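Please study the sequence and the structure shown below before attempting the exercises. Each task is followed by a worked solution.

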Amino acid sequence: MDTDVVVVGCGPVGALTANLLGMRGVRTLVVERGTAPHGQPRAFSCDDEALRAYQQAGLRDEVAADMYPPPVVEYVSGNGRPFATIALDEIDFGLGSEPLHFFDQPWLEASLRGGLDRFPHVELRTGVEMTGLEQDSDGVTVRLRDTGGDSTIRARYVLGCDGARSATRAAAGIELSGTSYAEPWLAISGDVEPGGVRQPRTRFVCDWRRPAFVSPGAFGTHRLEFMLRASETPEEMTRPETLERLVAPYVDPARFTVTRAVVYTFHHLVAERWRAGRVFLLGDAAHQMPPFLGQGLCSGLRDAANLTWKLAMVVDGTAGDDVLDSYETERRPHTEEMAVTSVRLGRVFLVRNRAAAFLRDTALRAVQAVPRVRRFVRHFEFKPAPVLRKGLLAGGTRRGAVGTMFPQPRVSAAGEAAPVRLDDVLGAGFAVIGPSVTAATVWTGPPAAFIRVLPPGSVATAGSGVREVVDTDGVLTAWFARHRAEVAVLRPDRFVYAAALDAPLTR
Ligand SMILES: Cc1cc2nc3c(=O)[nH]c(=O)nc-3n(C[C@H](O)[C@H](O)[C@H](O)COP(=O)(O)OP(=O)(O)OC[C@H]3O[C@@H](n4cnc5c(N)ncnc54)[C@H](O)[C@@H]3O)c2cc1C
């Protein structure tokens, strides 16, 4: 084999995938047909799970440095009156970051590509297109093309991170199924000079005449998206005078420099299989969804976080190839739930006649008089939770804590001057964690970090074989009490693999 893994495409999903493989010592070649990172801001938001995935790649602080966490998202009627609000500043899903961030995609991609320089065993070749592949029982022969001509390379596995029109998907003979939406949208990104913002809030403008999304973004940017009417063409909608008229209620056109104005169409499409032998699909190559929940890219990042540690274990011989089947088993249901929720949200948001819009606004205001419903909306409880129902889990079924994502509070640890995020103590592999964990705790699975959780107010000491952390805010202590567990085993992607509910696993 020339390499263990070929990653096709170095968009955000391919770049994160290669970083996570690099962290785990997997020999990886990334081929990207473009010669520069994607120059256009497309994805705009990411969530706390995405930041946790960047953290696993050692890049959280770098990519988060200039992100903007909006305090609220408002849904407003055509007259600008809010009828629903997501109060992001009141929400903590417990995963270590704010629930939503806005970012600049070119900055993100540059940071992720920069991260690859840390690994001598990861190579990025730009200006190289994957043109085809053939697989046999030992590996995959990948055909490549660059300005020097055609060549081939042998790898054990190929990961198609090559976007919506994936050549990997086509070469593996995998079909897409689903629907595309007829309504085209105009997405405008630009830089605003100080004092140029007229409407500073993050808003879905649910105006039946022209639904829109407007928000400040990272780096003093602004994003504005407008639905096109049936009679409007991309040419007329991207003319400077049209852009000026559309953005004027939100930013001062004289102090707004447009960096991108593109008309695009949404899709709700899923690949029929995400694996064909030694070939896997990730990100937009595997699934595309409307952006109303901001989850298109986030879903691809979850794919990377899910597949890469399993692949590393297969490559180094710790696990058999069949564990890779759990990738689609685990990821497909959650992705489909996200996509369906996005589509439903779009239906509420995109009501296109005056009477239906009036009914929607009135009904949504009224039902939020019920505290439970108000909390459901205000605290973003309609966002599907990260839960694995089946897959590579102890017992293969969901039992209490098993399959949920473990919380990530800040903890105090011996040798750390200030509290740190929990994952930074856990390391890149499995972790055996809990109040009863000792160096004698028996764990017969892959190598793992042993972490003993001490209650708030304790002092962590540096021991051998087990690391102590003080649960400064009581989050972990409460988690173990709620699940009546003494010990949990966490997978490298921080999902709970097993939890001992009654007795500690000590001899
Ligand atoms: C207007 C818009 C707004 C969006 N907003 C959001 C949002 O707010 N939040 C969110 O999470 N998502 C959003 N998305 C979706 C998001 O942009 C995509 O999900 C994300 O970019 C997909 O990343 P990817 O790495 O899978 O694919 P891509 O970003 O498409 O990257 C694929 C890469 O593969 C390369 N490539 C393709 N074919 C080959 C080949 N044969 N050989 C070598 N290289 C190849 C390409 O050059 C490219 O660099 C939005 C999308 C659009 C269009």
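The exercises concern aromatic pairs and the surroundings of the ligand.

This is a predicted model, in which local features need pLDDT of at least 70 and side-chain atom pairs count only at pLDDT 80 or more, while totals for chains, interfaces and linings use all residues. Residues are numbered from 1 along each chain as its sequence is written, and side-chain values use heavy atoms, with hydrogens and water left out.

**Exercise 1.** Classify the ring pair of Phe-44 and Phe-102.

*Solution.* A pair of aromatic rings is described by the distance of the centres and the angle of the planes. Rings of Phe, Tyr and Trp (its six-membered ring) pair if their centres lie within 6.5 Å; planes under 30 degrees apart count as stacked, over 60 as edge-to-face and the rest as tilted. The structure holds 27 such aromatic pairs. For Phe-44 and Phe-102, the centres are 4.4 Å apart and the planes meet at 25°, so this pair is stacked. It joins distant parts of the chain, 58 residues apart: Phe-44 belongs to the loop between strand E2 (28-32) and strand E3 (45-47), and Phe-102 to strand E6 (residues 100-102). Helices (H or I, at least four residues) and strands (E, at least two) are DSSP runs, numbered from the N terminus. Phe-44 and Phe-102 are both buried, a term that means under 20% relative accessible area (1.4 Å probe, protein chains only).

**Exercise 2.** Determine how Phe-406 and Trp-479 are arranged, and whether each is buried or exposed (over 50% relative accessible area).

*Solution.* The centres of Phe-406 and Trp-479 are 4.7 Å apart with 75° between the planes, an edge-to-face pair. Phe-406 lies in the loop between helix H11 (371-378) and strand E19 (410-413), whereas Trp-479 lies in helix H13 (residues 475-482), 73 residues apart. Phe-406 is buried, its relative accessible area being 0%; Trp-479, at 4%, is buried as well.

**Exercise 3.** Describe the shell around the ligand and its polar contacts.

*Solution.* A residue is near the ligand if one of its heavy atoms lies within 4 Å of it. Of the 29 residues around the ligand, Glu-32, Arg-42, Met-130, Asp-284 and Leu-297 come nearest. The largest share, three residues, is supplied by helix H8 (296-315). A polar contact is a pair of N or O atoms within 3.5 Å. Ligand oxygen atoms lie 3.0 Å from a polar backbone atom of Val-13, 2.7 Å from a side-chain N or O atom of Asp-284, and 2.6 Å from a polar backbone atom of Leu-297.

Technical notes:
Polar contact = N/O pair within 3.5 Å; in protein donor to acceptor, adjacent residues only side chain to side chain.
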